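Biologist: I'm new to this one, so could you pick a single part and walk me through it slowly? A bit of the wider setting would help too.

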Amino acid sequence: MHASQGRSAGLGLALASAFAFGGSGVAAKPLIEAGLDPLHVVWLRVVGAALVMLPVAWRHRGLVRSRPVLLLGFGLLAVAGVQACYFAAISRIPVGVALLVEYLAPALVLGWVRFVQRRPVTRAAAVGVVLAVGGLACVVEVWSGLTFDAVGLLLALGAACCQVGYFVLSDQGSGTTAGDAEPPHPVGVIAYGLLIGAVVLTVVARPWGMDWSLLGGDTVMNGTDVPAWLLLVWIVLLATVIAYVTGVISVRMLSPAVAGVVACLEAVIATVLAWVLLGEHLAAAQLFGGSLVLAGALIAQSSTPKAPSGPVASGPGDDSERTPGELSAERAAT
């Protein structure tokens, strides 16, 4: 019963994370159209979130000594890597194509679980990935703007690989392996990840050339004037701080594979929000694709990766044969 409640809570957090991440593009597009460089918007997003999380980083400063590799990996891959690769990709290939390639990450996560961790994955998870990726192709209408650019596609694939790092590192931080007295606090990991990502993106984005006066003016969202600072607050607090916090906790309560597929809903949510707030209407194929993504996510979340088979040397109460997601869900529910 407790594990079931934990899975329900984890699914709710994964959906909240997908919704929060999905709103980032809707808030960022008016800022970019107002004249801000996309990389500068990313820099403002990550640096603003890092400043918000500074008190949390100080509270969990012990993580710097106990988990330096985890923090560095999270900052480089889950924060800086995904953002930099994705925005570099969309400068060379259509946004829809880049988004589709990036969200191949759930399939790559399953590959990691199956071939690197050598843990069997369920047929439901595999079917869910196939449906989600196929549906995502319809949502972004990949056929309408595909032009082959090897560098752009490699950058988008790099964003997908970095997103795999986000899910895998979030799960690895659960501390369920032998010898871990206490798992690192997920919010502390996020705080230091954002700080490291902010430093890296400062070098990449070079914000000293940004036109800061644009942040004091208004932007236009579907014909309505909206203060630029309000959109920036949306991006920092909702689309970054809340998105990362709920996302990392959901991975620990579910599993990287399941949370990864549920995250595909981000593209559907982003498209719906763009329809409502930006006036970007959906075609019939996009509506069909969204239903496929939803179906894939629901199928995948209905089953976690199977525990490794084989003889168990210890007693029946031993946790060594159980997945991190299962253990985390039970801990959260008790």
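Modeller: Sure, let's look at helix H3, where eleven of the 15 residues are buried, so the helix is largely enclosed by the rest of the structure. Keep in mind that this is a predicted model. The buried residues are His40, Val41, Val42, Trp43, Leu44, Arg45, Val46, Val47, Gly48, Ala49 and Ala50. H3 covers residues 38-52, and at 1.5 Å a residue it should span 21 Å; its end C-alpha atoms are 21 Å apart, so the two agree. At the start of H3, have a look at aspartate 37: one of its side-chain oxygens comes to within 2.9 Å of the backbone nitrogen of leucine 39.

Now for the setting. The protein chain has 16 helices and two strands, and 51% of its 334 residues are buried. If you take the contacts between residues at least 6 apart in sequence, 85% of them join residues at least 24 apart. As for the outside, the chain exposes about 14,900 Å², with carbon and sulfur atoms supplying 67% of that.

For another buried spot, go to serine 250 in helix H12, which runs over residues 228-253. Serine 250 has a relative accessible area of 2%, and since buried means under 20%, it counts as buried. Its side chain reaches the backbone oxygen of glycine 247 at 2.7 Å. Setting aside neighbours within four places in sequence, serine 250 is in contact with Gly10, Leu13, Ala14 and Ala259.

How values were computed: Residues numbered from 1 in each chain as written. Predicted model: local features only at pLDDT ≥ 70, side-chain atom pairs only at ≥ 80, totals over all residues. Heavy atoms only, no water. Helix = DSSP H or I, 4+ residues; strand = E, 2+ residues; numbered from the N terminus. Buried < 20%, exposed > 50% of the residue type's maximum accessible area, 1.4 Å probe, protein only. Contact = heavy atoms within 4.5 Å. Areas by Shrake-Rupley, 256 points an atom, 1.4 Å probe, with all protein chains shown as cover. Expected span 1.5 Å × (residues − 1). Polar contact = N/O pair within 3.5 Å; in protein donor to acceptor, adjacent residues only side chain to side chain.
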